[in-house]
Amino acid sequence: MFLQTSALSAAVATPLIAWGETTIDEKRPIPRGKEEFLHGAVEAGRWIHAAQKDSPEGRYWLPDPDHAEKVTTVSPVQGIYSGSAGIVLFLLQLAKETADTNLLEEAKRGADYLVLTWSDVLKGKERIPGSNLSFYNGLSGVAFVLAEIWKETGDERYHHAALSATQAIADAAKPSTNGVTWSTSPGIVADGGVILYLLYASRVFDRKQYRDIAVAGGKHLLVLAERQGTDGVRWKGVQPTLLGLPEETYFPNFELGTAGVAYVLARLHEETGDGQFLEAAKRGAAHLQQIATTSGTGALIPYRYPDLQDVHYLGFCHGPAGTARLFYQLYKVTGDKSYLDWTERLARGVINSDIPASQTPGYWNVVCQCCGSAGITEFFLGLWAATGNTEYYAFANHLAGQTLSRHSNFDGKGYRWYQAWTRVKPWDVTAETGYSIGAAGVGTALLHSYLAQAGRFDTIALPDSPFPNRRLSGVEAQSVTADLHDTDRFGP
């Protein structure tokens with residue numbers, strides 16, 4: 001979403017939940033039960049399966065099956081955002097829960113494709129220089145998925161490919177005055193995501209040199225800070241001219257702005273104990289607090305300056321589902337409850353917005369992980385896992401139910417979600433298969449909602465999330481199930 005807005009089968013064995021054709025019915029009650037969520041995730045997987053393409057290198061999936069001529073949309077064919085890596089990530093989790101060996105085999109076929117084609121990612125055309133190395137759009141995400149499927153299967157081919165890709169990322173670092181850099185964009189969309197991946201890789205592969213390169217990348221981020229007021233700083237996460245926007249354009253939130261860069265620095269502090277990183281992260285947070293729009297107990301950060309500061313996105317890329325991660329990470333490393341308070345104020349800003357009953361300028365006809373209800377669902381599940389506050393789970397459950405109710409299955413091939421992903425083109429409605437923008441990401445959110453209700457919330461933790469990826473206590477699960485009736489207070 002950050003790159004194109006005004007910012008940026010029959011072969012699968014029958015799973016645990018029976019497949020069946022369903023169409024959108026505006027009068028149908030919003031689903032809330034855990035079995036419906038698992039069924040929705042399985043149906044998303046079935047539709048993705050129908051979009052598969054086999055090549056000598058392995059399996060990939062069409063990103064936009066209604067337009068089969070498109071082999072790519074936003075990310076390279078291998079990427080997490082709208083490509084194979086994101087689909088493998090979804091199938092891996094779905095296979096684990098359903099114990100469906102055919103789903104696991106399909107995930108492995110997709111991973112085989114990544115093994116043989118990961119280096120092609122570096123040859124693709126970039127809209128933002130350096131994004132081919134990034135997490136959601138580039139090689140860092142591909143390496144992450146290969147590492148995760150290696151951890152699940154023990155297959156050394158995936159281990160070797162993940163290490164080779166990681167070394168290519170490390171070798172691509174360019175010396176700067178104060179450290180290293182990969183591009184001119186420090187945000188999560190480029191260098192920030194690379195740094196977070198290298199911290200992950202250092203732990204998974206037990207290679208200290210990857211952490212050292214990440215730290216050098218963080219030192220470069222420090223010198224890019226721009227002072228704001230007496231105690232705040234900001235970062236332009238991407239040069240706006242690369243997006244065709246005026247030089248004065250500024251995005252404050254997670255993937256393109258200050259929130260993401262400050263989050264990276266807070267993570268670096270967690271890894272190193274270096275006070276420079278913590279101080280800069282805290283000053284980034286102070287800037288965001290200064291520009292926040294507050295109302296009662298809630299707060300939201302404007303989408304874009306100077307022209308759209310009255311628009312407040314609610315999702316991951318430009319909204320609280322991403323930006324609140326900075327404040328929770330600062331709470332983790334400092335113990336300062338004021339940061340937890342700001343995390344929850346941003347969450348309250350979303351709840352108070354009256355979504356999903358209402359569509360706002362920052363929450364339009366969109367359901368995806370990047371900027372829609374799937375990503376917001378994941379945020380509230382993570383916040384519930386961190387705090388135990390069942391109101392957050394109830395809201396996540398309500399969002400997941402509303403999202404599931406919007407599926408289409410007019411041809412019997414499985415569930416897909418049509419959305420106007422590009423906010424500034426509301427007439428441009430598509431259904432994609434990928435993780436950040438399509439059915440794989442929606443299916444992942446539904447699966448995680450099911451796992452939370454089933455009392456075994458256990459997910460794959462992405463490098464840019466500070467929230468716990470597990471919450472398994474049976475007592476806690478029982479309290480959540482009892483609290484689901486409270487979803488009524490969020491509206492129909």
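This is a short walk through a predicted model, from a strand pair to backbone oddities, open and closed spaces, and cysteines.

Start with the strands. Strand β1 covers residues 52-55, and strand β2 covers residues 58-61. The two run antiparallel. Four bridges join them. For a landmark, find Q52, which stands opposite W61 in β2. Between the strands, the chain turns back in a hairpin, and that hairpin passes through two residues.

Next, look at the backbone. Which residues are joined by a cis peptide bond ahead of P306? The partner is Y305, and omega is about 0°. P306 sits in a loop. That loop runs between β8 (298-300) and α10 (320-334). A cis peptide bond also joins I355 and P356, again with omega of about 0°. P356 belongs to the loop between α11 (337-352) and α12 (373-387).

Stay in that loop for a moment. D354 lies there too, between α11 and α12. Its phi is near 70°, a positive value in a residue other than glycine. Is D354 buried or exposed? Neither label fits: D354 counts as partly exposed, because its relative accessibility is 39%. So the stretch from D354 onward brings together a positive phi at D354 and a cis bond between I355 and P356.

A99 has a positive phi as well, of about 55°, although A99 is not a glycine. Look for A99 in the loop between α2 (84-98) and α3 (101-117). Its relative accessibility is 63%, so A99 counts as exposed.

Now turn to the spaces. The largest pocket has a volume of about 400 Å³. Its lining is made of 19 residues. Those nearest the centre are Y200, A461, L462, P463 and S465. Four helices each give two or more residues to this lining: α4 (139-153), α6 (191-204), α8 (258-272) and α10. Which element gives the largest share? The answer is α8, with four residues. By class, the lining of the largest pocket divides into nine nonpolar, three polar and seven charged residues.

The second largest pocket holds about 310 Å³ of space. Here 14 residues form the lining. K96, E152, D458, T459 and I460 lie nearest the centre of this pocket. Two elements give two or more residues each, namely α2 and α4. The largest share comes from α2, with four residues. The lining of the second largest pocket has four nonpolar, three polar and seven charged residues. Helix α4 therefore links the two pockets on the map: it contributes to the lining of the largest and to that of the second largest.

The largest cavity comes next. A cavity is a space where a 1.4 Å probe fits but cannot get out. The largest cavity has a volume of about 360 Å³. It is lined by 26 residues. Which of them lie nearest its centre? They are R325, E378, Y435, L462 and S465. L462 and S465 are also among the residues nearest the centre of the largest pocket. Helices α2, α12 and α14 (439-453) each supply at least two residues of the cavity lining. α12 gives the most, with five residues. The cavity lining has 13 nonpolar, 10 polar and three charged residues.

Finish with the cysteines. How many disulfides does the structure hold? It holds zero. Take C317, which is in no disulfide. Its nearest cysteine sulfur is that of C370, 4.3 Å away. C317 counts as buried, because its relative accessibility is 0%. Then take C371. Why does C371 form no bond with C368? The sulfur of C368 is the closest cysteine sulfur, but it is 3.7 Å away, which is too far for a bond. A disulfide needs the two sulfur atoms within 2.5 Å. C371 is also buried, with a relative accessible area of 2%.

Key: Residues numbered from 1 in each chain as written. Predicted model: local features only at pLDDT ≥ 70, side-chain atom pairs only at ≥ 80, totals over all residues. Heavy atoms only, no water. Buried < 20%, exposed > 50% of the residue type's maximum accessible area, 1.4 Å probe, protein only. 1 Å grid on protein atoms, 1.4 Å probe; cavity = no way out; pocket = protein on both sides within 12 Å on 5 of 7 lines; lining within 4 Å. Points joined across faces, edges and corners; volume = space filled by probe spheres on them. Nonpolar A, V, L, I, M, F, W, Y, C, P; charged D, E, K, R; others polar. Pairing = 2+ DSSP bridges.
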